[in-house]
Amino acid sequence: MAAVTIKRLQKAQKPFFIAAGLCAAASPFCAPKKYWDLHDAKALPMPVFEKMPAGSPTVAKKRGGEIVAYALDEPFDRETKQKLIHGYYAATSYVDAQIGKCAG
């Protein structure tokens, strides 16, 4: 997606608007290894609050979705949480790098 966006930016007439969707951050295990290596999993913050506050509306609690593809058992054990958080950081760094290619 970044390569296609760059080609379109290079051909663009001014003024222009371009929208490019980079959604890798939503898939924590899609980032190449070098982006995982940017972050020490053991140094990343772990969740502080894991329960909904008393009186919260039920609709505010996220259930299911993409996360169940990685671990079906809740509550998640510490190792699973750490892997998911590490993967999210890696994927976010990967998307940031793609955006940097488009902006550069």
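This passage describes the fold, confidence, surface and selected side-chain interactions of a predicted protein model.

The protein contains 3 helices and 0 strands, and from the N terminus on its elements follow the order α-α-α. Helix H1 spans residues 2-11, helix H2 spans 33-36, and helix H3 covers residues 78-103. The mean pLDDT of the protein is 80, with 78% of its residues at 70 or more. Among the elements, the lowest mean pLDDT belongs to H1, at 77, and the highest to H2, at 95.

Of the 104 residues in the protein, 24% are buried. The accessible surface amounts to about 8000 Å², and carbon and sulfur atoms account for 59% of this area. When contacts between residues at least 6 apart in sequence are considered, 77% of them join residues at least 24 apart.

In helix H1, Ile 6 has a relative accessible area of 23% and is therefore partly exposed, given that the buried class ends under 20%. The C-alpha atoms of Ile 6 and Ala 20 are separated by 10.0 Å in space, while the two residues lie 14 residues apart in sequence.

The structure holds 2 salt bridges. One of these pairs Asp 37 with Lys 33, and the closest N and O atoms are 2.7 Å apart. Both partners, Asp 37 and Lys 33, are exposed. A salt bridge is also formed between the side chains of Lys 81 and Glu 50, with an N to O distance of 2.6 Å. Because Lys 81 is located in helix H3 and Glu 50 in the loop between H2 and H3, this pair ties together parts that are 31 residues apart in sequence. The relative accessibility of Lys 81 is 16%, so this residue counts as buried.

Gln 82 is likewise placed in helix H3. With a relative accessibility of 17%, Gln 82 falls in the buried class, for which the limit is under 20%. Apart from residues up to four places away in sequence, Gln 82 touches Ala 41, Lys 42 and Met 46.

His 86 is a further residue of helix H3. Its relative accessibility is 13%, and His 86 is therefore classed as buried. The side chain of His 86 reaches the backbone oxygen of His 39 at a distance of 2.9 Å. His 39 also appears among the contacts of His 86 that remain once neighbours within four places in sequence are set aside; the others are Trp 36, Ala 41 and Leu 44. Ala 41 is thus in contact with His 86 and is also touched by Gln 82.

The loop between helix H2 and H3 includes Ser 56. The side chain of Ser 56 reaches a backbone oxygen, that of Pro 53, at 2.6 Å. Ser 56 has a relative accessible area of 26% and so is partly exposed. The same loop holds Glu 50, the salt-bridge partner of Lys 81.

Conventions:
Residues are numbered from 1 along each chain as its sequence is written. Side-chain values use heavy atoms; hydrogens and water are left out. Helices (H or I, at least four residues) and strands (E, at least two) are DSSP runs, numbered from the N terminus. Buried means under 20% relative accessible area, exposed over 50%, partly exposed in between (1.4 Å probe, protein chains only). A polar contact is a pair of N or O atoms within 3.5 Å; within protein, one must be able to donate a hydrogen and the other to accept it, and residues adjacent in sequence count only if both atoms are side-chain atoms. Contact means heavy atoms within 4.5 Å. pLDDT is the predictor's confidence in each residue, from 0 to 100. Accessible areas come from the Shrake-Rupley method with a 1.4 Å probe; for residues, only the protein chains shown count as cover. A salt bridge is a side-chain nitrogen of Lys or Arg within 4 Å of a carboxyl oxygen of Asp or Glu.
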